Amino acid sequence: QVQLVESGGGTVQTGESLKLTCAASGSPTSIFAMGWFRQAPGKQREYVASVTLGAGADYAESVKGRFTISRDNAENTIYLQMNTLKPEDTAIYYCKGSFASIWSSGYWGQGAQVTVSS
């Protein structure tokens, strides 16, 4: 059973940085697509970024130029470096892993709270 565990959330002020980590365990192979989604209070879950084996990283327009996703294939671990944070980035950030597309069914982490105060 594949399990994903996020870490690194917290509370920061506008303009500061945070780095999230998602570590996967229980997979016999490298997970093809891994990424981040987020859900703010009262809103639907939205896509943030993903990285796929053999392909580059992809980002939502709202985070381009501020967030950077990276992965350690050997460890099935991904990172999300978040710079120049804004109050609208406040959300629970969920890690997802899929053996197909990031948009296919997959595995989810429990979520990490990120709060950006103004």
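This report describes a four-stranded sheet, an aromatic cluster, two charge-over-ring contacts and two loop residues in a predicted model.

## The open sheet

Four strands form an open sheet in the order β1-β3-β8-β7, and their pairing is antiparallel. The edge positions are taken by β1 (3-7) and β7 (67-72); each has a single partner strand, so one side of each is left without a neighbour in the sheet. From one strand to the next, the twist averages 15 degrees.

Strand β1 is joined to β3 (residues 18-25) by 5 bridges, and the two run antiparallel. Within this pairing, Q3 stands opposite S25 in β3.

## Aromatic pairs and cluster

The model contains 5 aromatic pairs. In one of them, the ring centres of F37 and Y47 are 5.6 Å apart and the planes stand at 75 degrees; this angle is over 60 degrees, so the pair is edge-to-face. Because F37 belongs to strand β4 and Y47 to strand β5, the pair ties together parts that are 10 residues apart in sequence. F37 counts as buried, at 7% relative accessibility, and Y47 is also buried, with a relative accessible area of 14%.

F37 also pairs with W103: their ring centres are 5.8 Å apart with planes at 90 degrees, so this pair is likewise edge-to-face. W103 lies in the loop between β9 and β10 (107-108), so its pairing with F37 in β4 ties together parts that are 66 residues apart in sequence. At 58% relative accessibility, W103 counts as exposed, whereas F37 is buried. Together, F37, Y47, W103 and W108 form one aromatic cluster.

## Charges over rings

W108, a member of the aromatic cluster, has the charged end of R45 over its ring, 4.6 Å from the centre. Elsewhere, K19 lies over the face of Y79, at 4.9 Å from the ring centre.

## Two loop residues

D89 is located in the loop between β8 (77-82) and β9 (91-98). Its relative accessibility is 1%, under the 20% limit, so D89 counts as buried. The side chain of D89 makes a polar contact with the side chain of R38, at 2.9 Å. Leaving aside residues up to four places away in sequence, D89 touches R38, R66, F67, T84, V114 and V116.

G42 is found in the loop between β4 (33-39) and β5 (46-52). With a relative accessible area of 87%, G42 is exposed. The C-alpha atoms of G42 and T115 are separated by 15 Å, and these residues lie 73 residues apart along the chain.

Methods: Residues are numbered from 1 along each chain as its sequence is written. This is a predicted model: local features need pLDDT of at least 70, side-chain atom pairs count only at pLDDT 80 or more; totals for chains, interfaces and linings use all residues. Side-chain values use heavy atoms; hydrogens and water are left out. Buried means under 20% relative accessible area, exposed over 50%, partly exposed in between (1.4 Å probe, protein chains only). A polar contact is a pair of N or O atoms within 3.5 Å; within protein, one must be able to donate a hydrogen and the other to accept it, and residues adjacent in sequence count only if both atoms are side-chain atoms. Contact means heavy atoms within 4.5 Å. Two strands pair if DSSP finds at least two bridges between them. Axes are lines fitted to C-alpha atoms, for helices over the stretch in contact, and angles run from 0 to 180 degrees between N-to-C directions. Rings of Phe, Tyr and Trp (its six-membered ring) pair if their centres lie within 6.5 Å; planes under 30 degrees apart count as stacked, over 60 as edge-to-face and the rest as tilted. A charge sits over a ring if NZ of Lys or CZ of Arg is within 6 Å of the ring centre and within 35 degrees of the ring normal.
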